[in-house]
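Work through the exercises below with the sequence and the model at hand. Each task is followed by its solution.

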Amino acid sequence: MKKKKRWIVGLLAIGLLCKSPEPIQAETKWPEGISISSGSACVIEVNTGTVLYEKNATDKSYPASITKVLTVDVALENAQLDETVVFSEEAVFGGNEGDTSNIARDYLEEMTLEETIYAVMLESANECAYATAEHVGADMGGDYQTFIDAMNEKAKSLGCVNSNFMNPNGLHNPDHYTCAYDMALIACDA
């Protein structure tokens, strides 16, 4: 749980920088000798791509729920918010293994894509991330795996250097990983 909280705090810091209306001057805004408890971190200035701070920024990490930032980014680029998402059995039960974060959707329940995206970003709803991937993958002419492939293609197009995504919700898979640098790139794009 500690790692997840560190990632979330790091992502929030990145998000604040990404919304900066003007470039931040590293030499005037960042003190010397910054110390953080996380094993890795990366802060990128969104307008120039300048790395303002990094610590083991390309070390492989398991992203958990921050995966959902890329999920929503890919969904918004490939579907319309008013589309209807129908929850499959796999989305409800497989997309929410164990007692993980969810909003208790039922098999064949319907929500708009906008509602599922809100559930993904505000409640970290794993079954909504899965249903979003199924729905948008179908919109793209394929299926769930089409969406996962699009996530990996998007990461590569952004210049990510150490990422491989296996699902849209961040449930653990040894082959599902990223690094702080890549997540900073993804957060700035999103």
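**Exercise 1.** In this predicted model, locate A64 and state whether the residue is buried, partly exposed or exposed.

Solution. Start with the position: A64 sits in the loop that runs between β2 (51-55) and α3. Next, take the accessibility. The relative accessible area of A64 is 24%. Buried would require under 20% and exposed over 50%, so A64 is partly exposed. Finally, check the backbone: A64 is not a glycine, yet its phi is positive, about 50°. As background, most residues other than glycine have a negative phi.

**Exercise 2.** Find the loop that holds L108 and give the sign of its phi.

Solution. The loop between α4 (89-94) and β4 (110-112) contains L108. The phi of L108 is positive, about 70°, although L108 is not a glycine.

**Exercise 3.** Describe how helix α3 and helix α8 cross, and sort the residues of their contact by character.

Solution. Two packed helices are described by the angle between their axes and the distance between the axes.

Step 1: helix α3 covers residues 67-78 and helix α8 covers residues 180-189; their axes come within 9 Å and cross at roughly 40°.

Step 2: angles under 35 degrees count as roughly parallel and those from 65 to 115 as roughly perpendicular. The crossing angle of roughly 40° therefore makes α3 oblique to α8.

Step 3: the handedness of the α3 and α8 crossing is left-handed.

Step 4: α3 contributes V69, L70, D73 and E77 to the contact, and α8 contributes I186, A187 and D189.

Step 5: sorted by character, the contact residues of α3 with α8 comprise four nonpolar, three charged and no polar.

Conventions: Residues are numbered from 1 along each chain as its sequence is written. This is a predicted model: local features need pLDDT of at least 70, side-chain atom pairs count only at pLDDT 80 or more; totals for chains, interfaces and linings use all residues. Side-chain values use heavy atoms; hydrogens and water are left out. Axes are lines fitted to C-alpha atoms, for helices over the stretch in contact, and angles run from 0 to 180 degrees between N-to-C directions. Helices (H or I, at least four residues) and strands (E, at least two) are DSSP runs, numbered from the N terminus. Angles under 35 degrees count as roughly parallel, over 145 as roughly antiparallel, 65 to 115 as roughly perpendicular and the rest as oblique. A crossing is left-handed if the near helix is turned anticlockwise from the far one by less than a right angle, and right-handed if clockwise. Contact means heavy atoms within 4.5 Å. Ala, Val, Leu, Ile, Met, Phe, Trp, Tyr, Cys and Pro count as nonpolar, Asp, Glu, Lys and Arg as charged, and the others, Gly among them, as polar. Buried means under 20% relative accessible area, exposed over 50%, partly exposed in between (1.4 Å probe, protein chains only).
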